[in-house]
Each structure stands twice: as structure tokens, then as C-alpha cells.
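Me: I am new to this structure, and I would like to learn how to read its features one at a time. Could you take me through them slowly?

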Amino acid sequence: MPLKKDNPCILAIETSCDDTAIAILKDNKILANVVSSQTIHEIHGGVIPELAGRAHLQFIVPVFQKALQNANITTQEIDAIAFTQGPGLVGSLLVGCQFAKGLSMGLNIPLIGINHLKAHIAAHYLSDKTPKFPFLNLLVSGGHTQIILVKNYLDYEIIGTTIDDAAGEAFDKAAKMLGLPYPGGPLIDKLAEKGNPNAFVFPIAKLDDFQYSFSGLKTSILYFLQKNNSLDVRFIENNLNDIAASIRYTIVKTLINTFEKAILKYQVKDIGLAGGVSANQLLRKEFQYLANNHQINAHIPAFEFCTDNAAMIASLAKYHYLNSDFLDLKSVPFSG
Ligand code: KG4
Ligand code: ZN
């Protein structure tokens, strides 16, 4: 293997769910951040794992070529290959894993396995103003909702989590009940901008410690829609913006209330928001207000680094590289 560098050029691959993404980090800058989102799942109301795996196979080579072209580099300039090891869909992860192993072997450079959730947090290290350790991070994605105490680049402690659905899942399931296509989170967010958040009242779950729960909200939305639809068949159509705004308000309030308890307990000076739901406009605003109220610093990634992308994989991979945290090609470097 070649000698290790202080400032490596890393090609990173992300295929944990339904986005085929490749990014290139060089001289601490993201030179390419290519994401190909699979639209095939829209009509199914959710990600179909087998279709996702097949689509990754189809897109991974064109995405790789586009990334090299955007970065304007050759494969000879790459010092390491990183890929998402998990969590994620097995068939999707396998495509990225095998592509990464092939590149690592062919180019004779190290292979780095990355945890997808920790990588969402590493999106913060791509901005000009990075959080100071230790900081508390609210991780909100389609599959996870966690409060994490980040002690260092590679040292994390999960202090709270959801006991049922994730925040993104709550948005997507609510959207499905409203007849919106998958993923519904961004659509609810857009519709909510023109609605009244206090038009309808939904329950805010209050749990012990730093736990979350969204399944009660899901049931209450279902009963609410059934009841009102039976009285007026055009209820959803006529009240879509207000319903979306009320649902968004409830999910955001739930997230912020519990996270505030963690701020009070851990007394950190910096807080971070990460994961796909961090693209939510109301959540971004409320997170900033929360930081202002406690006179601490809020860190929210740029939109392109919120939802799944490979730049965040490259960002975390750099610290694994500096730590010589490389995988053995003969092992099965994969955890679904
Ligand atoms: O992190 P991510 O891209 O994939 C996972 O790791 O799960 O998160 C995807 C989730 C989906 O549930 C999607 O609906 C949600 O993030 N999402 C949003 C918004 N943008 C993406 N939810 C609410 N408002 C948004 N603007
Ligand atoms: Zn994600």
C-alpha cells in the first residue's frame, strides 16, 4: 500500500437506501457530490428494497464517471475508497460495498467502512464553522431519530432514541395518509408553508428521559382523517395546507421539546442537527431559536448535505483514514 498522507483524497460511496451517491474529497474540499435519486419508488408509497438494489447496479458506474468528471481528477489521485457499511437495505449496501472493494483492489489503496448515521453528523465538518466537542446532535432521518453526545470525530454516545417510528417515517406515513407520493416529508414541508399550524391539534408524546415516540401521532392522524372524511369527502383537499402545517408543527415541537431537556442536562455549548429531516424549514428555524434561547451555537448542514449524500461519508472517512482504520478486503466489510 502507498504511504499515508495528512490530507488524503477520498472517493466515497453511499448506497444505503434509494440514492446512489459518490463524492470526492481533496484538500479538505468536496470537489464532487453526485446524487442520483431513484424515482421508481414514488408510485409504490415507499422504498421497494429489490428495486432499489437493481437501480443502484444501473446507476453506480455513471455516477462514478460523473464524480470523476466533476472533480476533474483521475483515479490515480485517489488515496482511499470509503463506502457505507450500514445501517441500510442489504441489497443496496451490497452494491456499494462490492464496487468499493473492486476499486480498492484495482487501485491498491485502503478501504474504509463508514456508519451511515455517524456520517450524517460528519456533514457538520464540511462547513466553515464546525461544532466544538463535545456537542449534542439531533439526528433525524427516515429510519432513525436519536440524540447523540458527540465527544470527538470517532467517539459518540447515544443518549436518546425513538421507541417506535422515526421522525422522517412519521412525515412519510402522514403524507401517505394524505394521498401524497413518497417521500412525503418534503411535500408536507412545502404545503405547510401556506397553512395554519394551529388549525388542528395533534398529541405531542411526552416520554421519560430523552426518548421519542411517533406511533401515537400516526394513529391520531388516521382517526382524525377517517372522522372528517366521513363528514366531508373533500375534507383533505379543502384543508391540505392547514393539515400539513399542523402535522409539521406537532413533529417539530416533539423533537425540540425533548432535545431541550438534553441541552439542560448536558450543558453543551454547541448543538447540531443532522439527517434528512434537518432539511425541514420549520425544524431549522426552531433549532436556531432553541440555540439562541440557551445562548449556544447551532450547527445545521447546507441542504445538499442533509439528505443522503456521499460527501458526508467522505467527511467521516477522513478521520478513519488518519486513524489507519482500514478494512481487510478478505473479510466481509458489511453490516446491514
Ligand atoms: O437521511 P435521509 O435522506 O435518509 C435516511 O437515512 O433515512 O432521510 C430521509 C427522510 C425521509 O423520511 C424524508 O421524508 C425526510 O428525510 N425529509 C424531510 C424533508 N426532507 C427530507 N422531512 C421533512 N421535511 C423535509 N423538508
Ligand atoms: Zn440517511
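Me: Which backbone oxygen does the side chain of Tyr156 reach?

Reply: Bear in mind throughout that this is a predicted model. The side chain of Tyr156 reaches the backbone oxygen of Tyr153, at 2.7 Å. Tyr156 itself is found in strand β8, which covers residues 155-161.

Me: Is Tyr156 buried or exposed?

Reply: A residue is called buried when its relative accessible area is under 20%. Tyr156 has a value of 17%, and therefore counts as buried. Setting aside residues up to four places away in sequence, Tyr156 touches Lys118, Ile121, Ile148, Leu149, Val150 and Leu316.

Me: How should I read a helix, and which residues of α6 are buried?

Reply: One can begin with the length, where each residue is expected to add 1.5 Å: the 17 residues of α6 should span 24 Å, and its end C-alpha atoms are 25 Å apart, which agrees. The buried residues in α6 are Leu217, Ser220, Ile221, Phe224, Leu225 and Asn228. Seen down the helix axis, the buried residues of α6 fall within an arc of 130 degrees, so they line one face. These buried residues pack against α4 and α7, while the face turned away from the buried side carries the exposed residues Tyr223, Lys227 and Ser230.

Me: Which residues touch the most other members of the largest nonpolar core?

Reply: That core has 49 residues, and Leu136, Phe259 and Ile271 are the ones that touch the most other members. Several elements each supply at least two residues, including β6, α4, α6 and β9, and α7 gives the most, with 14 residues. Apart from this core lies another, of 31 residues, and Tyr156 is among them, as are Leu25, Ile112 and Ala123. To see the surroundings of a single member of the largest core, take Ile271: leaving aside neighbours within four places in sequence, its contacts include Leu136, Phe259, Phe287 and His299.

Me: Which protein donors does the zinc ion (ligand 2) have?

Reply: A metal site is read by listing the protein atoms that serve as donors, and here these are His116 (NE2), His120 (NE2) and Asp308 (OD), lying 2.0 to 2.1 Å from the zinc ion. Along the chain, the donors follow the spacing H-x3-H-x187-D. His120, in helix α3, and Asp308, in the loop between β10 and α9, are 188 residues apart, and the pair links distant parts of the chain. Both His120 and Asp308 are buried.

Definitions and conventions:
Residues are numbered from 1 along each chain as its sequence is written. Chains are lettered from A and ligands numbered from 1 in the order in which they are written. This is a predicted model: local features need pLDDT of at least 70, side-chain atom pairs count only at pLDDT 80 or more; totals for chains, interfaces and linings use all residues. Side-chain values use heavy atoms; hydrogens and water are left out. A nonpolar core is a set of buried Ala, Val, Leu, Ile, Met, Phe, Trp, Tyr and Cys residues joined through side-chain atoms within 4.5 Å. Buried means under 20% relative accessible area, exposed over 50%, partly exposed in between (1.4 Å probe, protein chains only). Helices (H or I, at least four residues) and strands (E, at least two) are DSSP runs, numbered from the N terminus. Contact means heavy atoms within 4.5 Å. Donors are N, O and S atoms within 2.8 Å of the metal (3.2 Å for Na, K and Ca); water is not among the atoms, so sites may look incomplete. The expected span of a helix is 1.5 Å times one less than its number of residues. The arc is that of the directions from the helix axis to the C-beta atoms. A polar contact is a pair of N or O atoms within 3.5 Å; within protein, one must be able to donate a hydrogen and the other to accept it, and residues adjacent in sequence count only if both atoms are side-chain atoms.
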